[in-house]
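Biologist: I'd like to learn how to read a structure like this feature by feature. Could you walk me through it?

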Amino acid sequence: MGKKGKKEKKLKGAEKTAAKMEKKVSKRSKREEEDLEALIAEFQSLDAKKTQVLETACPPPSPRLNASLCAHPEKDELILFGGEFFNGKKTFLYNELFFYNIKKNIWVKAEIPNPPPRRCAQQAVVVPQGGGQMWIFGGEFASPEGEQFYHYKDLWVLHLGTRTWEQIKDYIYYNDIHAFNLDTFTWSRLQPTGTGPCPRSACQMTPTPDGNGVIIYGGYSKTRAKKDVDKGTIHSDMFLLRREGKEEQEKWTWTRVNPSGVKPPPRSGFSLAVGPGGRALLFGGVCDEEDEESLEGDFFNDLYFYDINKNRWFPAQLKGSKSEKKKRRRGKKEEQTNETEGEKEEPQGPTEIIKEVMAEDGTVMTIKEVIPATQAEEDSEEEEEDEDGEEEEAAAMAPLVEPCPRSSAMATVKHSKLYLYGGMFEVGDRQFTLSDLYSLDLHKMDQWDVLVEMDPKTQEWLEESESEDEEAKGGDEEEDGEEEEDSEEESEEDADHPPVKAGEALADYQTRTEKYWLGLARANMGPDAKEKKVQKVGHAMAKVFFEDQE
């Protein structure tokens, strides 16, 4: 068998192993004594079996949100890591790593040994040091049923030049302001003067053009209101954290910033990226309208620029494609205006275009796009004057394509182009997680380009109203069939762990195999983990394995 065949076989085996682990995790999540740390450690034990780097061309990543999307500091590539997907019944977490080649429009999946555990909503940043690095901090892991959550406080770096992951363990985690030194790999706690932002989540940060400050904008928090009801607050305030001085004499100061211009309406879940010319770009988001009994969200697909140097917000306006015929039409329009002096037409309002996309289960998703009045009028004039049916002219003046309204999308800028990937929106009680990819030339500002279209077949949603009995029955039948098919693979996998003897009790098994499970837990958690925590995870892993053998 050739090298290509061996790689394909390894990938298929890894996919089957991951699918088996998902089924096992789904069963364990229903048990009251589930230990998330044990599940994370078991996932890490699977990742630890990867011994070499494998990179293969692949289809676009599956739908997800709260992943990290970064621009490669040296190559024309985008880097996608992690994320989550919820299908109405079950939550999936990922630690997959993808590279997107901008020029070739090709996705590549990279399997690199010892990656960070599965997670979503982590912070990520890329730097050019050492041939290029992507740093990952924190994030969240959830049980498949969404009943338990684990919040990471670890720090990882992906060395892009050597394709290796490295966990940085020399750090202290607090809910304050910290700086990380890329030369010494150490954290330092900042003590800024002035009044900074109130405690919050989901705020966004962007550096100032001079590199001596950071802008913090927005966020979300909850407070206890009357009748013991939590009330959500969407923050739209802005702060500047500025550094003065150098090295040991540097000082940090908080300043409240009050931008001018047309500000974005209040929202959370928006995307922020650093653009050229000292500007930050804000796209989309959601504004939740809450009352005591319901929660409804208004999703956005608008784009705003924040000029950091001028401290000013302004909305982005797409110009649309231009043609020579359009210029000639302007001359004709002026002549017609002179001939019909005194006659005025009433201004036309914006035009709403409705698109319907049918998912695989038959559900119809309705996506609305609003074209400004000026663009709609130009399109109407073009239809009247272009009766000759020239295809090029018709294509040039077609309605502008835009990403549908969404929140939690991933955004980054490379070569003065804004790239927007994925996210989610809701229709009633159903959540749609997207996998489309758009780009926008920030110099031309003419139109969005669709690089990857949304595939309706990727939309999966399970209604909570389905009968639990039918689900259990169907699940048992499916599991029985799958267990028969995978019996040989399970035997090979279980052979790696100490077997359970006939009639052996759990306590006896844990005592007999304690050394093995503690060693496995220590290997997964690292030499710096506390002994008490290692023992807890080791005992939990032994219990999970024991119960699977019953």
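Modeller: Sure. One term before we start: a contact means heavy atoms within 4.5 Å. Keep in mind, too, that this is a predicted model.

Biologist: Let's use that term, then. Which residues does Leu442 touch, leaving out those up to four places away in sequence?

Modeller: Leu442 touches Pro276, Leu281, Phe305, Val413, Ser416 and Leu418, with residues up to four places away in sequence not counted. Leu442 and Leu418 also turn up together in the largest nonpolar core, which has 19 residues. The residues with the most contacts inside that core are Leu418, Leu440, Leu442 and Trp448.

Biologist: Which strands each supply at least two residues of this core?

Modeller: Those are β18 (279-290), β19 (295-307), β23 (410-414), β24 (417-427) and β25 (430-441).

Biologist: Some of those strands must belong to a sheet. What is the general idea there?

Modeller: Strands of a sheet pair through backbone hydrogen bonds, either parallel or antiparallel. Here, four strands form an open sheet in the order β23-β24-β25-β26, with antiparallel pairing. At the edges you find β23 and β26 (448-452), each pairing on one side only. On average, neighbouring strands of this sheet are turned by 30 degrees against each other, direction ignored.

Biologist: How many bridges join β25 and β26?

Modeller: Four bridges, in the antiparallel sense. For a spot to look at, Leu437 stands opposite Val452 in β26.

Biologist: Let me try another sheet. In what order do the strands β6, β7, β8 and β9 come?

Modeller: The order is β6-β7-β8-β9, another open sheet of four strands with antiparallel pairing. β6 and β9 (164-168) each have a single partner strand, so one side of each is left without a neighbour in the sheet. The average turn between neighbouring strands in this sheet is 25 degrees, direction ignored. β8 (residues 149-159) pairs with β9 in the antiparallel sense over five bridges, and Leu155 stands opposite Ile168 in β9.

Biologist: Which helix lies across β7 and β8?

Modeller: That's α2 (residues 36-47), running at about 25 degrees to β8.

Biologist: While we're on helices, how do I check the length of one?

Modeller: Take α10 (residues 531-549) as the worked case. At 1.5 Å a residue, its 19 residues should span 27 Å, and its end C-alpha atoms are 27 Å apart, which agrees. The buried residues of α10 are Val534, Val537, Gly538, Ala540, Met541, Ala542, Val544, Phe545 and Phe546.

Biologist: On to backbone angles. What should I expect of phi?

Modeller: Most residues other than glycine have a negative phi. Asn66 has a positive phi of about 55 degrees although it is not a glycine. Asn114 is another case, with phi near 55 degrees.

Biologist: Where do Asn66 and Asn114 lie?

Modeller: Asn66 lies in the loop between β1 (54-58) and β2 (68-71). Asn114 is in the loop between β5 (106-111) and β6 (123-127).

Biologist: And how do I judge whether a loop residue is buried or exposed?

Modeller: Use relative accessible area: buried means under 20%, exposed over 50%, and partly exposed in between. Asn66, with 24%, is therefore partly exposed. Asn114, with 46%, is partly exposed as well.

Biologist: Is Ser268 buried or exposed?

Modeller: Ser268 counts as buried because its relative accessibility is 11%. Ser268 sits in the loop between β16 (260-261) and β17 (271-275). Leaving out residues up to four places away in sequence, Ser268 touches Ile234, Gly285 and Val286.

Biologist: What about Gln129, in the loop between β6 and β7 (133-142)?

Modeller: Gln129 is partly exposed, with a relative accessible area of 34%. The C-alpha atoms of Gln129 and Leu182 are separated by 8.2 Å, with these positions 53 residues apart along the chain counted as their spacing.

Biologist: Finally, what do the totals for the protein look like?

Modeller: The protein has ten helices and 26 strands. Of its 550 residues, 42% count as buried. The protein exposes about 31400 Å², and carbon and sulfur atoms supply 47% of it. Among contacts between residues at least 6 apart in sequence, 54% join residues at least 24 apart.

Definitions and conventions:
Residues are numbered from 1 along each chain as its sequence is written. This is a predicted model: local features need pLDDT of at least 70, side-chain atom pairs count only at pLDDT 80 or more; totals for chains, interfaces and linings use all residues. Side-chain values use heavy atoms; hydrogens and water are left out. The expected span of a helix is 1.5 Å times one less than its number of residues. Buried means under 20% relative accessible area, exposed over 50%, partly exposed in between (1.4 Å probe, protein chains only). A nonpolar core is a set of buried Ala, Val, Leu, Ile, Met, Phe, Trp, Tyr and Cys residues joined through side-chain atoms within 4.5 Å. Two strands pair if DSSP finds at least two bridges between them. Axes are lines fitted to C-alpha atoms, for helices over the stretch in contact, and angles run from 0 to 180 degrees between N-to-C directions. Accessible areas come from the Shrake-Rupley method with a 1.4 Å probe; for residues, only the protein chains shown count as cover.
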